[in-house]
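The following note sets out numbered remarks on the structure shown below. It proceeds from the overall form to individual strands and charged pairs.

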Amino acid sequence: MDSIEIKGGVPLHGEVRISGAKNAALPILASSLLVEGTCTFENVPRLKDIDSILLLLEDLGCSVTRQGEGEVAVDAQGLNRTEAAYDLVRKMRASILVLGPLVARLGRARVSLPGGCAIGARPVDLHLKGLEAMGARIRLHHGYVEAEAHRLKGADICFDMPTVGGTENLMMAASLADGETILRNAAREPEIVALADVLNAMGASVQGAGTSKIIIQGVSSLKPVSTTIIPDRIEAGTFLVAGALTGGDVTVRDCNPDHFRAVIDKLRATGASVETGPDWTRVRGPEVIQSVDITTQPYPGFPTDMQAQFMVLLSMAEGTSVISETIFENRFIHVSELQRMGAAISLHAGNTAKIRGVKELSGAPVMASDLRASASLILAGLVATNTTVVHRVYHLDRGYEAIEEKFSRLGARIRRIR
Ligand code: UD1
C-alpha cells in the first residue's frame, strides 16, 4: 500500500484549485438511479469513493462512462438489479445512498448493511425508519436491508437528529413517491442543497433544502440532467489550515467561502488573517497561533470533518484549547499518532480533547486510520521537524484528489512512495 513522505518545515505559498465535493458527488451520482436516460456530471473528483459508487451503479445495471477531465455520464436505462452486495458496500458506507432511489424506482432493494467503521457505529436506523414511514416493508436479513414497496407514499417524518445521508436518501425516495413528504429536523449541509438542486432540475419538487424543514412533492418520473458538482468545502478547509499552520500564504481557488464560514471564523480566532472573495479564500498564518475552543456541530456549525485538521493547528498554539466532538463517538483516533509526534493532547469523558500547545512536532512514521485523520497526519508532517511517513494512505485517496501534487505545488516537500 502507498505511503506519503513529508519533510516538514516549509511555509506553504501559492494557489490551489479545489476539486468537486466528494460528499456532494456521491448522493448526486446515486440520484441518477431515479432517471431513465443519461445524466452527465462535471467536476466529479477522481477519488476511490467515487470509483466505489460508480462500480456499484454499474453492478446495478447502469452504464457509466468517464469522459475526460472530471466528466461522468450515468445511464440508468438498463437498471435491472436491486442488490448492493456486501463487497461493494463495505468499502464505502455511503453506498447506502442507493437504497432510497432503488426502492422508489424499482419497488424493492437489497442493500448490505454498512456496519461499523473506524469513527464509530454510524447506524442507518433513521434512513430505515423514514422509508418505513413512507410505506416500505423493511427486513434485516443476513446482514442486508431488504426494502419493498409497490409505490412509496409521502409521509411526515421528523429525524431524531439531523442526518446528512438520511436526509439525502429520503429526499431521493420522496421525489418519486406518491404525494407530499415533509422532512423535519433535516440536515442543512450545502451538499443537501446541491442534491435538491439536481433533483429539481430532474423535474422533482423539493422545497426548503438548506433549512431544517424540507417539503417534497412526489412526481411520477424524472428526466436526465447535466450538472456540475459543487466545490469541496472540507478540502478547502484542509488547505487553509495547512497555510495557517505552516505560517504560509495560501489562496484556495474555485471554492465557495459561504460553505465554510465556521471554519473561517475559527481560523481568524487562531490569529490567522483570512480574506475571501466570491470563489476564493486567502489565509496568512499568524506569528503566534492562539488557542481556541471548538465544538463540532451539524451545519452551519463547525464541521466534524475539519476537527482532526484543527487539532494539529491547535497543537502548535500558545495555550490550551478544548475540542468537543458531538457528532461521532469515536473520532479521536488520530490523537495517539499525533502524540507520537510530540503533541500534548489528553482525552476526557464526553468526547473532549484538551490540547496544550507545544513548540514543535517531530516527524515520525505514522498510520492513517480514517479519511480526515489521515489529512491531519499530513498536516502534522508539513510542520514537523525532519521526516514523517504516513502509512496506509488508502484512506486519503478516498477523499482528497491528488493531495501530494497539490501540496507540492504550494512548496511542500512531499512525495508518494508506491
Ligand atoms: C456525512 C458525511 C461525513 C460527515 C457526516 C457528518 C457523506 C458521504 N459523509 O456522513 O463526511 O462526517 O455527514 O457531517 O456525506 N445517525 C444515526 N442514525 C442514522 C444516521 C445517522 O444515529 O440512521 C447518527 C450518526 O451515527 C452520527 C450522526 O447521526 O452520530 C450524523 O451522521 P450523518 O449525518 O448521517 O453522517 P453521514 O451521512 O454518514
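**Overall form**

1. Among contacts in the protein between residues at least 6 apart in sequence, 72% join residues at least 24 apart. The coordinates come from a predicted model, and the remarks that follow should be read accordingly. The protein holds 14 helices and 24 strands.

2. The radius of gyration is 21 Å, which agrees with the value near 22 Å for a compact globule with 418 residues. Along the principal axes, the C-alpha trace spans about 65 × 45 × 40 Å. Of the 418 residues, 58% count as buried. The accessible surface comes to about 15800 Å², and carbon and sulfur atoms account for 47% of that area.

**Strands and sheets**

3. One open sheet is made of four strands in the order β6-β7-β9-β8, with mixed pairing. The edge positions are taken by β6 (83-84) and β8 (137-141); each has a single partner strand, so one side of each is left without a neighbour in the sheet. Helix α4 (residues 99-106) packs on this sheet and touches both β7 (108-112) and β9. The direction of α4 makes about 160 degrees with that of β7.

4. Within this sheet, β8 and strand β9 (residues 144-148) run antiparallel and are joined by five bridges. R137 has E148 of β9 standing opposite. As general background, strands of a sheet pair through backbone hydrogen bonds, in either a parallel or an antiparallel manner.

5. Strand β17 (residues 280-284) merits separate comment. On one side, β17 is joined to strand β15 (residues 249-253) by five bridges, the two strands running antiparallel, and V252 stands opposite T281. Four bridges join β17 to strand β16 (residues 273-276), again with antiparallel strands. Here too T281 takes part, as the bridge partner of T276. β16 and β17 form a hairpin, with three residues between them.

6. Which residues of β17 belong to the covered face, and which to the uncovered one? T281 and V283 make up the covered face, whereas W280, R282 and R284 make up the uncovered face. The general background is that side chains in a regular strand alternate between the two faces of the sheet.

**Charged pairs**

7. The structure holds 30 salt bridges. In general terms, side chains of opposite charge can pair when their charged atoms come close. Three of these pairs are discussed in the points below, by reference to the residues involved.

8. R418 and D2 form a salt bridge in which the closest N and O atoms are 3.2 Å apart. R418 lies in the segment after β24 (413-417) and D2 in the segment before β1 (3-7), so the pair ties together parts that are 416 residues apart in sequence. How do the two residues stand, buried or exposed? R418 counts as exposed at 75% relative accessibility, while D2 is buried, with a relative accessible area of 19%. A reader applying the criterion should note that buried means under 20% relative accessible area.

9. A second salt bridge joins the side chains of K406 and E235, at 2.6 Å from N to O. This pair links distant parts of the chain, with K406 in helix α14 (residues 403-409) and E235 in helix α8 (residues 233-245), 171 residues apart. Both residues are buried; for K406, the relative accessibility is 8%. Leaving aside residues up to four places away in sequence, K406 touches V16, R17, I18, S19, E235, F239 and E401.

10. A third salt bridge connects R416 with D397, the closest N and O atoms being 2.7 Å apart. R416 lies in strand β24 and D397 in helix α13 (residues 394-399), so the pair ties together parts that are 19 residues apart in sequence. R416 is buried, with a relative accessible area of 17%, and D397 counts as buried at 15% relative accessibility.

11. Which residues share a network of salt bridges with R416 and D397? D2, E404 and R418 are linked with them in that network. The pair R418 and D2 from point 8 and the pair R416 and D397 from point 10 therefore belong to one network of salt bridges.

Definitions and conventions:
Residues numbered from 1 in each chain as written. Predicted model: local features only at pLDDT ≥ 70, side-chain atom pairs only at ≥ 80, totals over all residues. Heavy atoms only, no water. Pairing = 2+ DSSP bridges. Contact = heavy atoms within 4.5 Å. Axes fitted to C-alpha atoms, helices over the stretch in contact; angles between N-to-C directions. Salt bridge = Lys/Arg side-chain N within 4 Å of Asp/Glu carboxyl O. Buried < 20%, exposed > 50% of the residue type's maximum accessible area, 1.4 Å probe, protein only. Rg over C-alpha atoms; globule rule 2.2 N^0.38 Å. Areas by Shrake-Rupley, 256 points an atom, 1.4 Å probe, with all protein chains shown as cover.
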